[in-house]
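Here's a quick tour of one model for the bench. Have a look at the chain first, then read the notes below.

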Amino acid sequence: MNKPDALTLVIFGASGDLTRRKLMPALYLLYKAGRLPRRFAVLGMARTSYDDDRFRTSIREGLLSFVRPDEVDEKAIQAFLSCLHYLSADPSEPEAYAELRTRLEEIDRTIDNPHNYLY
């Protein structure tokens, strides 16, 4: 199966333990192995009051804790972290989805993504 040329992955509850312990380490390893699209982004959405930098710091800490030491590649981690974005919003509130759409459009412009999303 061919992988898409561009993809934005949206993770709801992105500040949680599942994302930090399981999802991001798995995505990092796929990224490092070249198994993700060339133009790839992750938009994490949760109620936690993070910005992009704080989210990336949290994920970096998780990667260093939950990825085997022999799989840690600082250059690959930095490149992977640059693909991560965050939206602080409550997914149970309808207005959050207008914010989500706006943020996705911003990311689309930076990676030239033709609205190819995975939720």
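**A greasy patch, a helix and some salt bridges**

Phe12, Tyr97 and Tyr119 make up a nonpolar surface patch of about 330 Å². Patches are built from residues with over 30% relative accessible area and no salt bridge, joining like charges within 9 Å and nonpolar side chains (Val, Leu, Ile, Met, Phe, Trp, Tyr) within 5 Å. Areas come from the Shrake-Rupley method with a 1.4 Å probe, and for residues only the protein chains shown count as cover. A salt bridge, here and below, is a side-chain nitrogen of Lys or Arg within 4 Å of a carboxyl oxygen of Asp or Glu.

Keep in mind that this is a predicted model, where local features need pLDDT of at least 70 and side-chain atom pairs count only at pLDDT 80 or more, while totals for chains, interfaces and linings use all residues. Residues are numbered from 1 along each chain as its sequence is written, and side-chain values use heavy atoms, with hydrogens and water left out.

**Helix H4**

- Tyrosine 97 of the patch sits in helix H4; helices (H or I, at least four residues) and strands (E, at least two) are DSSP runs, numbered from the N terminus.
- Tyrosine 97 counts as partly exposed, because its relative accessibility is 37%; buried means under 20% relative accessible area, exposed over 50%, and partly exposed in between (1.4 Å probe, protein chains only).
- H4 runs over residues 96-111, so 16 residues, and spans 23 Å from first C-alpha to last, close to the 22 Å expected at 1.5 Å a residue. That expected span is 1.5 Å times one less than the number of residues.
- Which residues of H4 are buried? They are Ala96, Leu100, Arg103, Leu104, Ile107, Asp108 and Ile111.
- These buried residues lie on the same side of H4, because they cover an arc of only 145° around the axis; the arc is that of the directions from the helix axis to the C-beta atoms.
- On the other side of H4, Arg101 and Arg109 are exposed.
- The cover over the buried residues of H4 includes strands S1 (6-12), S2 (39-46), S3 (84-88) and S4 (117-118), along with helix H2 (52-66). Contact means heavy atoms within 4.5 Å.

**A salt bridge within H4**

- Arginine 103 and glutamate 106 pair up through their side chains in a salt bridge (3.3 Å, N to O).
- Both lie in H4, three residues apart, or about one turn of the helix.
- An α-helix has 3.6 residues a turn, so residues three or four places apart point the same way.
- Arginine 103 is buried, at 15% relative accessible area, whereas glutamate 106 is partly exposed, at 36%.

**After H4: two positive phi values**

- Aspartate 112 follows H4 and is found in the loop between H4 and S4.
- Its phi is positive, about 55°, although aspartate 112 is not a glycine.
- Aspartate 112 is exposed, with a relative accessible area of 54%.
- Histidine 115 is found in the loop between H4 and S4 too, and has a positive phi of about 60° without being a glycine.
- Histidine 115 is exposed, with 55% relative accessible area.

**Other salt bridges**

- How many salt bridges does the structure hold? The count is 11.
- Arginine 68 meets aspartate 70 side chain to side chain in a salt bridge (3.0 Å, N to O).
- Arginine 68 also forms a salt bridge with glutamate 71, with the closest N and O atoms 3.5 Å apart.
- Aspartate 70 is exposed, at 57% relative accessible area, while arginine 68 is partly exposed, at 49%.
- Glutamate 71 lies in the loop between H2 and helix H3 (74-81). Buried or exposed? At 18% relative accessibility, glutamate 71 counts as buried.
- Leaving out residues up to four places away in sequence, glutamate 71 touches Tyr28, Leu29 and Lys32.
- Asp5, Arg38 and Arg39 are linked in a network of salt bridges.

**A buried serine in H2**

- Serine 58 is in helix H2 and is buried, with a relative accessible area of 6%.
- Not counting neighbours within four places in sequence, serine 58 is in contact with Arg20 and Tyr50.
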